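Here are my notes for you, written as numbered points. Keep the structure open and find each stretch as you read.

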Amino acid sequence: MKAVTTSPPPDVDVVLPCLDEARALPWVLARVPAGWRALVVDNGSTDGSADIARAHGATVVTEPRRGFGAACHAGLTAATADVVCFCDCDASLDPALLVPFVREIRAGGTDLVLGRRRPQGRGAWPAHARAGNLALARMLRRRTGLRLHDLGPLRAARREALLGLGLTDRRSGYPLQMVVRAADAGWRVTEHDVPYLPRTGASKVTGTWRGTWHAVRDMRRVLAEAPDVREETSR
């Protein structure tokens, strides 16, 4: 009888929402830690991003419904590892920075770890995008009591707990809804500084005032939702 070989399950799944990031993908995927699986969620790219991702060893998930939240959630539902991380796919953030995040989750000291972006160099974080993020952080504090400074995309948590939050936003409000519902569920949320580099290519959201306004509008809608009272899913 021929032996059946199966690949070991991934240590950690890293969800990388992707829309036309062909130039950035090689840099990003080269920095995913060994033993972790890169889940590149192709959200309608026309520049060959999916093929480049596969060529660099990533698992490609196709999400035809456009939207940052749609891509992130498709990656979450495709994940199988106990711990799931999220990272932008534009080379503004290094996936290797997630290693201590995962260590902290596994140690049991926290339930959700977020990266507080610290811009490195000119153009890394436009002033209008930074101002919008600061305003949302203040509104989040009033809504949940969490004293966070950033709602950035670099984050880590346990997969089953994230699925238990019942996230519904499929646009720019997805990262904020994750934090709001985690707070409502009594999660312990921590924040750590991470370097934020100038992105490769044009931003789809924060590169313009209009894009930033749409993102802020989506997030204000999330903050206006009634508290989602759920049994704690992280314990």
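**Notes on the fold**

1. Let's start with strand 2, residues 37-42, which is mostly covered: 5 of its 6 residues are buried. Remember while you look that this is a predicted model.

2. Which way do strand 1 and strand 2 run when they pair? They pair in the parallel sense, over 6 bridges. If you want a spot to zoom in on, Pro17 sits opposite Val41 of strand 2. To get from strand 1 to strand 2, the chain passes through helix 1 (residues 25-30), and this β-α-β crossover is right-handed.

3. Now go to the pairing of strand 2 with strand 3 (residues 59-62). These two run parallel and are joined by 4 bridges. Val41 turns up again here, standing opposite Val61 in strand 3. The link is helix 2 (residues 49-55), through which the chain crosses from strand 2 to strand 3, and this β-α-β crossover is right-handed.

4. Next, take a look at helix 4, residues 99-107, where Phe101, Val102 and Ile105 are buried. Why do they line one face of the helix? Looking down the axis of helix 4, you find its buried residues within an arc of 95 degrees, so they end up lining one face. Arg103 and Ala107, on the other side of helix 4, are exposed.

5. What covers the buried residues of helix 4? The cover includes strand 1 (12-18), strand 4 (83-86), strand 5 (112-119), strand 6 (155-158) and strand 7 (189-196). Try showing those strands together with Phe101, Val102 and Ile105, the buried residues of helix 4. Right after the helix comes Gly108, with a positive phi near 85 degrees.

6. Two residues other than glycine also deserve a click, as each has a positive phi: Asp20, near 55 degrees, and Ala91, near 70 degrees. You'll find Asp20 in the loop between strand 1 and helix 1, while Ala91 belongs to the loop between strand 4 and helix 4. Are they buried or exposed? Asp20 is partly exposed, with a relative accessible area of 30%. Ala91, with a relative accessible area of 8%, is buried, because buried means under 20%.

7. Time to zoom out. The protein has 8 helices and 7 strands, and buried residues make up 50% of its 235 residues. How much do contacts reach along the sequence? Of the contacts between residues at least 6 apart in sequence, 77% join residues at least 24 apart. As for the surface, the protein exposes about 11100 Å², of which carbon and sulfur atoms supply 53%.

8. Last, a word on confidence. The mean pLDDT of the protein is 87, and 85% of its residues reach 70 or more. Which parts should you handle with care? Over residues 1-5 the pLDDT is below 50, and this stretch has 0 contacts in the model beyond near neighbours in sequence. Residues 229-235 also stay under 50, though the model gives them 17 contacts beyond four places in sequence. Where pLDDT is low, don't read the predicted coordinates in detail.

Methods. Residues numbered from 1 in each chain as written. Predicted model: local features only at pLDDT ≥ 70, side-chain atom pairs only at ≥ 80, totals over all residues. Heavy atoms only, no water. Buried < 20%, exposed > 50% of the residue type's maximum accessible area, 1.4 Å probe, protein only. Arc of directions from axis to C-beta. Contact = heavy atoms within 4.5 Å. Pairing = 2+ DSSP bridges. Right-handed = clockwise from strand over helix to strand, strands pointing away. pLDDT = per-residue confidence, 0-100. Areas by Shrake-Rupley, 256 points an atom, 1.4 Å probe, with all protein chains shown as cover.
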